[in-house]
Amino acid sequence: MHSKKLYGLKKHLLELIGLFDFNKLPKILMLSGKKGQGKFTLAHHLLSYIFDKKNYNLNILEINESNMLFKNIKENDNQNIIYYNCTDKNVKIDDIRKLRVNLQKTSINNSNRFIIFDDVEHLNDNCINALLKTIEEPSDANYFILVNNQSQNILDTLKSRSIEVMFFLNNSEKL
């Protein structure tokens, strides 16, 4: 499970919340930076706020234990959050094609749906091309969060389709 508290990324979280609250959150958001800087934890906090505001303490940036996303969102327990771990070639082209078909269906309660690709830089070219076809036509309710840990190069076409937020934590933020 990821940290229930968020450290060093308050500015980023508040900016993303503000964009979401004003209906301006990018449909395809790429969080880029070295592994271990809290990009996935930031996404977890953003989604905890979005899906269960009353159980998210914005003052101290903490996910309350009663928050519906307190448990790790990697377990795909929430129908409106779809998580893919792209390391070790876990994601196949058929998974992305199936995702594309599923995204054409309405989400539960017509709620926003978030699709997270963690370690997106590990997708092979065929998967990236299938993902590009999927993200080219996002509906109003679908948002993609691509976590790029920069462990290898990523296709420029994928970067060009997303709004990229770069993470460079200084020493005090890392602490």
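The paragraphs below walk through this predicted model, from its overall fold to a group of aromatic side chains.

A word on conventions comes before the tour. Residues are numbered from 1 along each chain as its sequence is written, and side-chain values use heavy atoms, with hydrogens and water left out. Because the model is predicted, local features need pLDDT of at least 70 and side-chain atom pairs count only at pLDDT 80 or more, while totals for chains, interfaces and linings use all residues.

Let's start with the fold. The protein has 6 helices and 7 strands, where helices (H or I, at least four residues) and strands (E, at least two) are DSSP runs numbered from the N terminus. Following the sequence, you will meet them in the order α-β-α-β-β-β-α-β-α-β-α-β-α.

Next, the overall dimensions. The C-alpha trace spans about 40 × 40 × 30 Å along its principal axes. The radius of gyration of the protein is 15 Å, which agrees with the value near 16 Å for a compact globule of 175 residues; it is taken over C-alpha atoms, and the globule rule is 2.2 Å times the number of residues to the power 0.38. Of the 175 residues, 48% are buried, meaning under 20% relative accessible area (exposed is over 50%, partly exposed in between; 1.4 Å probe, protein chains only). Contacts (heavy atoms within 4.5 Å) tell you about the chain's path: among those with a separation of 6 or more, 76% join residues 24 or more positions apart.

Now for the aromatic side chains. The structure holds 7 aromatic pairs; rings of Phe, Tyr and Trp (its six-membered ring) pair if their centres lie within 6.5 Å, and planes under 30 degrees apart count as stacked, over 60 as edge-to-face and the rest as tilted. F51 and F114 are edge-to-face, because their ring planes stand at 80°, with the centres 5.8 Å apart. F51 sits in helix α2 (residues 39-51) and F114 in strand β5 (residues 113-118), so this pair ties together parts 63 residues apart in sequence. F51 counts as buried at 16% relative accessibility, and F114 is buried with a relative accessible area of 0%.

F114 also pairs with Y143, this time stacked, at 5.0 Å centre to centre and 15° between the planes. Y143 belongs to strand β6 (residues 142-148) and F114 to strand β5, so the pair links parts that are 29 residues apart in sequence. Like F114, Y143 is buried. To complete the picture, F20 joins F51, F114 and Y143 in one aromatic cluster.
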